[in-house]
Amino acid sequence: MKALQYRTIGAAPEVVTVPDPEPGPGQVLLRVTAAGVCHSDIAVMSWPAENFPYELPLTLGHEGVGTVAALGAGVTGLSEGEQVAVYGPWGCGTCAKCAQGKENYCLRADALGIRPPGLGSPGAIAEYLLVDDPRHLVPLDGLDPVAAVPLTDAGLTPYHAIKRSLPKLVPGSTAVVIGTGGLGHVAIQLLRALTPARVVALDISADKLRLAREVGAHEAVLSDANAADAVRALTGGLGAEAVFDFVGAEPTVRTAGAVAAVEADVTIVGIGGAALPVGFGTMPFEVSVTAPYWGSRGELVEVLALARSGALSVHTETYSLDEAPLAYQRLHAGKIDGRAVILPNG
């Protein structure tokens, strides 16, 4: 089969031919119908050799949907031809967090060498994907594969982040979304669907701010040195009750802290590597700062249900498997608004 692999540190990913996988006991083989392209992949490919945690070559793609092509021995509850989405953050399935469906916070994954597809295990940007356990598959139930595949990360991750702050997003409150690309433009829609809060979007790109308005942001503000003052002005000087930073770089983290209201939640979702100091007097009283990761299996079910209701519509651009390297080039250059989706068998 064809697959997109990161093969050499510092080099661009390549489309190569690799052996077709076969499901072993308890495993499921999917014929991939759609796979997402994410900034996290670019971050992985930027790590130096001395810090690289995975074995190469690595087939990329941690967002995947597909059709069940074959079942390993002992697998029940699925049938060939069924269309499913892949829950990406695989865990051990038995620890205290996994028992709650929170495999994104599995307590034993590192010790057991369990890696998500595309982030240590072979990923979804390939004609076939081997899934380690049927519990990591969620029925699409009529959702279009291209529309659904970004929801497994670009939908699930902001949903998990926002869900924690719902009690604070009451009528009259303000939520700030910093970075309105793949995850951020979904976060805006989730905030509009789930809360009565006013949504203020920040980005450095005029195109992404236009997209933010299209998907429901009440206000769109250029993310520059004056952004914090602009948000403060919009909130009568009080700041926002919830701030979601989907970039996580030093300038955006500073802005996130600067626009937080008393008792606000500041959630750093982006993997830009910056930190926000927490301590008495550094920010308004009782500001909570957190850095969540992905989401639970149950939350993925909820996100897909929201999509079926019409509450979510991810902006996508589609590419063939042979065009996958181009999709990463365009993403790295900031030329993709929303999410790039690869159609490995399209």
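Biologist: How many bridges join E5 to strand E6, and which way do the two run?

Modeller: This is a predicted model, and in it three bridges join E5 to strand E6, residues 83-86, with the two running antiparallel.

Biologist: Which residue in E6 is the bridge partner of Gly-66?

Modeller: Val-84 is the E6 partner of Gly-66.

Biologist: And how many bridges join strand E3 to strand E5?

Modeller: Eight bridges there, with E3 covering residues 28-37 and E5 covering residues 63-71. That pair runs antiparallel as well. To pick out one position, Gly-36 stands opposite Glu-63 in E5.

Biologist: OK, on to the sheet of six strands. What's the order, and is the pairing parallel or antiparallel?

Modeller: Going across, you get E11-E10-E9-E12-E13-E14, and the pairing is parallel. The sheet is open.

Biologist: Which strands stand at the edges of that one?

Modeller: E11 (219-222) and E14 (288-290). Each has a single partner strand, so one side of each is left without a neighbour in the sheet.

Biologist: What does the twist average from one strand to the next?

Modeller: The average is 15 degrees.

Biologist: Back to E14. Over how many bridges does E13 pair with E14?

Modeller: Three, in the parallel sense, and E13 spans residues 260-268. Val-266 has Val-289 of E14 as its bridge partner.

Biologist: Then there's the open sheet of three strands. What order is that in?

Modeller: That one goes E2-E1-E4, with antiparallel pairing. E2 (14-17) and E4 (58-59) are the edge strands, each pairing on one side only.

Biologist: How many bridges are there between E1 and E4?

Modeller: Two, with strand E1 being residues 2-6. Tyr-6 has Leu-58 in E4 as its bridge partner.

Biologist: Switching to helices. At what angle do H5 and H10 pack?

Modeller: About 105 degrees, with the axes 10 Å apart. H5 is residues 156-163 and H10 is residues 297-308. Angles from 65 to 115 degrees count as roughly perpendicular, so that label applies to H5 against H10.

Biologist: Which residues make the contact?

Modeller: From H5 you have Leu-156, Tyr-159, His-160 and Lys-163. H10 brings in Glu-299, Leu-300, Glu-302, Val-303 and Leu-306. By class, the contact of H5 with H10 splits into five nonpolar, one polar and three charged residues.

Biologist: What about H1 and H11, how far apart are their axes?

Modeller: Their axes are 10 Å apart, and the packing angle is about 90 degrees. H1 covers residues 39-46, while H11 covers residues 324-332. These two are therefore roughly perpendicular to each other.

Biologist: Who meets whom there?

Modeller: On the H1 side it's His-39, Asp-41, Ile-42 and Met-45, and they meet Tyr-328, Leu-331 and His-332 in H11. The contact of H1 with H11 has four nonpolar, two polar and one charged residues.

Biologist: Last topic, the second largest pocket. How much space lies in there?

Modeller: About 250 Å³.

Biologist: And which lining residues lie nearest its centre?

Modeller: Pro-21, Ser-121, Pro-122, Leu-129 and Leu-130, out of 16 residues lining the second largest pocket.

Biologist: Which strand gives the most to that lining?

Modeller: Strand E7, residues 128-131, which contributes three residues to it.

Biologist: How does the lining divide by class?

Modeller: For the second largest pocket, it's ten nonpolar, five polar and one charged.

How values were computed
Residues are numbered from 1 along each chain as its sequence is written. This is a predicted model: local features need pLDDT of at least 70, side-chain atom pairs count only at pLDDT 80 or more; totals for chains, interfaces and linings use all residues. Side-chain values use heavy atoms; hydrogens and water are left out. On a 1 Å grid over the protein atoms alone, a cavity is a set of points where a 1.4 Å probe fits but cannot get out, and a pocket is an open set with protein on both sides within 12 Å along at least five of seven lines; lining residues have an atom within 4 Å of a point. Grid points are joined across faces, edges and corners, and a volume is the space filled by probe spheres set on the points. Helices (H or I, at least four residues) and strands (E, at least two) are DSSP runs, numbered from the N terminus. Ala, Val, Leu, Ile, Met, Phe, Trp, Tyr, Cys and Pro count as nonpolar, Asp, Glu, Lys and Arg as charged, and the others, Gly among them, as polar. Axes are lines fitted to C-alpha atoms, for helices over the stretch in contact, and angles run from 0 to 180 degrees between N-to-C directions. Angles under 35 degrees count as roughly parallel, over 145 as roughly antiparallel, 65 to 115 as roughly perpendicular and the rest as oblique. Contact means heavy atoms within 4.5 Å. Two strands pair if DSSP finds at least two bridges between them.
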